[in-house]
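Visitor: Please take me through a single strand of this model in detail. I would like its neighbours, its connections and its setting.

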Amino acid sequence: MRRALPLLCTFVVISLSAQVVDTSTLTGKVVCGYQGWFRCEGDGSSNGWHHYAAGGKFEPGHAHIEMWPDVSEIPQQDRFATPFKHADGRTAEVFSSVRESVVQLHFKWMRDYGIDGAFLQRFATTTRDKRFREPMDQVLAHCQDAAKANGRGWTLMYDLSGIKKDGIQLVINDWKRLITEKRLDRDGAAYFHHHGKPLVALWGLGFNDREPLLDEWSRLITFLHDDGCAIMLGVPYYWRTLDHDCIKDPKLHELIARADIVSPWAVGRLGTPQDAANRVEKTLKPDVAWCAERKLDYLPVIFPGFSWQNLSKSRGQEAKFDAIPRLGGQFLWSQALAAKQAGSQMLYVAMFDELDEGTAIFKTTNQPPLGESRFLAEPDLPNGHYLWLTGTLVKLLRGEVSEAWPVRLERR
């Protein structure tokens, strides 16, 4: 049952003429993770229904995604028909991230709703395979152009999940190639810098569900520092206490101290607004203090909710639908408020386009296809609600709006 929204506390108006983002620092910014990993049959990538389906089968009862994207603003030639049907009999369509119009639209939404920019995910293990690397290169080029065209910031984030011993060299080789072939303009006006250096994000250090590879990570950090970069490290939620989701090796702290920004992964680690409020004194303030002592910046991850029933089914597992409810945005707001109260000066929203785990904040349809596969929807909310709310978080972080819950009045 959907929970009712509380009484009106304040009203915030969207600015559709947001100024060009200052990309010289991440301080004061709210950014989103951008997967850019969706592919379709016939989109030219030869990746099939990548991240829409497991094993190439995308039909009712066989879906990899938990939310259905709203493609109404995408040019017809860049929409792709599926075997799914809406209640009125219309064929349900999806998008491919390799299409330029799609990425341009996504960054336009960031501009329209006042979101500062995105961290583009680049999956290190797939850079070795040309079939997957070339589409990722296309998405990178589109993000770079779209960020510039829409006055947003962007930075590259390497996801090192699945990396084995000696695999760090894949990242080093890929980075060198991107720079040498002039695919990545790290000195461009749209690329985020921090402390006067181009910012590169590395995600996946210290989690206890994979090999530690601390020496490998140290080599990568040294390489990027020597190449003149600032570094953000994506680490486990319990990185400071070295428990729960984190390895217990104190050497991890030595590596983290070499970064410029620390970003703990919070998705799935809390589940209610009260839980978020409880983390201010228990977790967030001590995290911020640890970083401040070492002159590091702290980038907390916040997320709107979580659900991965369809994804889990594709892996032969069962999972609860709507496992962490969105509560109309109250859950996301509560995390941002907790981070601000703890002293954080920047926020990372996971994620902009993550349909697989139900954490997307971009426009999704509240009339998803019917049938054997179940999709999240909030029929009482406009499809851009979470874009609007994320834009409002920018104002919350900067002290431009009240900390009271901003119930939205107008529909878009």
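Guide: First, a term: two strands pair if DSSP finds at least two bridges between them. Keep in mind that this is a predicted model.

The part to look at is strand E8, residues 230–236. This strand is mostly covered. Seven of its seven residues are buried, and buried here means under 20% relative accessible area.

Start with the partner that precedes the crossover. Strand E7, residues 197–203, is joined to E8 by five bridges. The two strands run parallel. Within this pairing, leucine 199 stands opposite alanine 230 of E8. The chain gets from E7 to E8 by way of helix H4, residues 214–226. That β-α-β crossover is right-handed.

Now take strand E9, residues 261–265. E8 pairs with E9 over five bridges, again in the parallel sense. Here glycine 234 has serine 263 in E9 as its bridge partner. Helix H5, residues 251–256, belongs to the β-α-β unit with E8 and E9. This unit is right-handed.

E9 also leads to the largest pocket, since E9 supplies at least two residues of its lining. Strand E4 (117–123), helix H2 (130–149) and strand E5 (153–159) each do so too. The space in this pocket is about 960 Å³. Its lining has 44 residues, and Trp37, Phe123, Asp159, Ser161 and Glu357 are the closest to the centre. By class, 19 lining residues are nonpolar, 14 polar and 11 charged.

To recap: E8 is buried along its seven residues, with E7 and E9 as parallel partners.

Technical notes:
Residues are numbered from 1 along each chain as its sequence is written. This is a predicted model: local features need pLDDT of at least 70, side-chain atom pairs count only at pLDDT 80 or more; totals for chains, interfaces and linings use all residues. Side-chain values use heavy atoms; hydrogens and water are left out. On a 1 Å grid over the protein atoms alone, a cavity is a set of points where a 1.4 Å probe fits but cannot get out, and a pocket is an open set with protein on both sides within 12 Å along at least five of seven lines; lining residues have an atom within 4 Å of a point. Grid points are joined across faces, edges and corners, and a volume is the space filled by probe spheres set on the points. Helices (H or I, at least four residues) and strands (E, at least two) are DSSP runs, numbered from the N terminus. Ala, Val, Leu, Ile, Met, Phe, Trp, Tyr, Cys and Pro count as nonpolar, Asp, Glu, Lys and Arg as charged, and the others, Gly among them, as polar. Buried means under 20% relative accessible area, exposed over 50%, partly exposed in between (1.4 Å probe, protein chains only). A crossover is right-handed if, with the strands pointing away from the viewer, the path from the first strand over the helix to the second runs clockwise.
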